[in-house]
Amino acid sequence: MSEWKNKRFWTDVDVVPVDAGFEVHLDGKQVKTPLKNVLCVPSRPLADAIAGEWRAQSDEIDPLSMPATRYVNAAIEKVTPQKSDVADMLASYGETDLLCYRALQPDELIACQAAAWDPMLDWADQTFSARLNTGNGVMFVEQDPTSLANLSAAVHALSVFEVAALHDLVCISGSLVLGLAAARGSHPLDALWAWSRIDEEWQIEQWGRDEEADELMESKRLAFENAAQFFAWVKN
C-alpha cells in the first residue's frame, strides 16, 4: 500500500455554476473531498484556481501541488463542523500576539521591533477598535477585554473558507494582527512576512544561517503566501 499512488483518471476539467456557488467537474463528475462531500466554493476565481490545479496534474496526482484544493477540503471537512471553536482558537492569539512582546535588549533590536510592529498595532486599533498593550520580555501582558472581543468578532464574522486560510496566516506568523492584515490585503505580503520574522532574522545575523532552518522557513513562507492568495480568491 505504501507504493500505491493516485493516478490521473480524467481528461476534461470544468467549472460549473450551481445555486450554492461553483463546482469543479472532472469529465462531467463532481470533485469531492476525501470524505465524499461535494467540493463547492463561493467564488468563480477560487473555482478557476482549483480547476487549474487539477488540469496541471500529470500521471500521478501530487496533493502538495494543490494548495487551493487542500484549503477547500479543510474548510468543508475540518472547519465547518467546528467553526466557532476554530475561530475561538485563532482569536486567542490576540491574548499573546507576537507584536506585543518586545526584546529587553539590544537597543537595535528594540528599535527594529518598534518600527515595524507599532504601526501594525495602530492599524489594529484603527481597523477593529482593538488597542493591544505591549511589554518587554516574556512576562504575560494583560490585554483589554474589549479589544480582544473586537478582534474575536472580526474572526467569527469570517466564512468557513476564510477561517481555513486565516488559520495558516495566524499560526505561521504567530500574530493575529499580522494574519488579519494579510487576509485583508492591507499591507504588502512580503512586508508582513518579514515583520513576523524580525526576531529570527536578528538571531541569524548573530549566529549565522542554518540550511535546514532556512528550508523550513521557506516552506512556511510559501504556505503563508498560499493562504493569503486563497483568502483573496474567496473574497473575489
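## Contacts, salt bridges and a helix pair

Apart from neighbours within four places in sequence, Ser-43 is in contact with Phe-22, Trp-233, Val-234 and Asn-236. This residue of the predicted model sits in the loop between strand 4 (40-41) and helix 1 (44-55). Ser-43 is buried, at 4% relative accessibility, and its side chain reaches the backbone oxygen of Trp-233 at 2.5 Å.

A second buried loop residue is Asp-97, placed between helix 3 (83-91) and strand 5 (101-102). Which side chain of opposite charge is nearest to Asp-97? It is Arg-102, 8.3 Å away. A salt bridge requires the nitrogen and the carboxyl oxygen to be within 4 Å, so Asp-97 has none. A polar atom of the Asp-97 side chain does lie 3.1 Å from the backbone nitrogen of Val-177. Beyond its neighbours within four places in sequence, Asp-97 contacts Leu-132, Gly-174, Ser-175, Leu-176 and Val-177.

Helix 7 (residues 176-184) and helix 8 (residues 189-196) have axes that come within 10 Å and cross at roughly 170°. The two helices are therefore roughly antiparallel to each other. Leu-178, Ala-181 and Ala-182 of helix 7 make the contact with Leu-189, Leu-192, Trp-195 and Ser-196 of helix 8.

In helix 6 (residues 160-173) lies Cys-171, which is partly exposed with a relative accessible area of 29%. Its C-alpha atom is separated by 7.9 Å from that of Leu-90, and the two residues are 81 residues apart along the chain. Neighbours within four places in sequence aside, Cys-171 is in contact with Leu-90 and Tyr-93.

The whole structure contains eleven salt bridges. Among them are the following.

| Positive residue | Negative residue | N to O distance |
|---|---|---|
| Arg-44 | Asp-48 | 3.0 Å |
| Arg-131 | Asp-125 | 3.5 Å |
| Arg-197 | Glu-201 | 3.0 Å |

Arg-44 and Asp-48 are four residues apart in helix 1, so about one helical turn separates them. Arg-44 is partly exposed, with a relative accessible area of 37%, and Asp-48 is partly exposed at 34%. In the bridge between Arg-131 and Asp-125, Arg-131 is partly exposed at 33% and Asp-125 is partly exposed at 29%.

How does burial divide the pair of Glu-201 and Arg-197? Glu-201 counts as partly exposed at 28% relative accessibility, whereas Arg-197 is buried, with a relative accessible area of 8%. Salt bridges with shared partners join Arg-197, Glu-201, Arg-209 and Asp-214 into one network.

Notes: Residues are numbered from 1 along each chain as its sequence is written. This is a predicted model: local features need pLDDT of at least 70, side-chain atom pairs count only at pLDDT 80 or more; totals for chains, interfaces and linings use all residues. Side-chain values use heavy atoms; hydrogens and water are left out. Buried means under 20% relative accessible area, exposed over 50%, partly exposed in between (1.4 Å probe, protein chains only). Lys and Arg count as positive and Asp and Glu as negative; His and the chain ends are not counted. A polar contact is a pair of N or O atoms within 3.5 Å; within protein, one must be able to donate a hydrogen and the other to accept it, and residues adjacent in sequence count only if both atoms are side-chain atoms. Contact means heavy atoms within 4.5 Å. Axes are lines fitted to C-alpha atoms, for helices over the stretch in contact, and angles run from 0 to 180 degrees between N-to-C directions. Angles under 35 degrees count as roughly parallel, over 145 as roughly antiparallel, 65 to 115 as roughly perpendicular and the rest as oblique.
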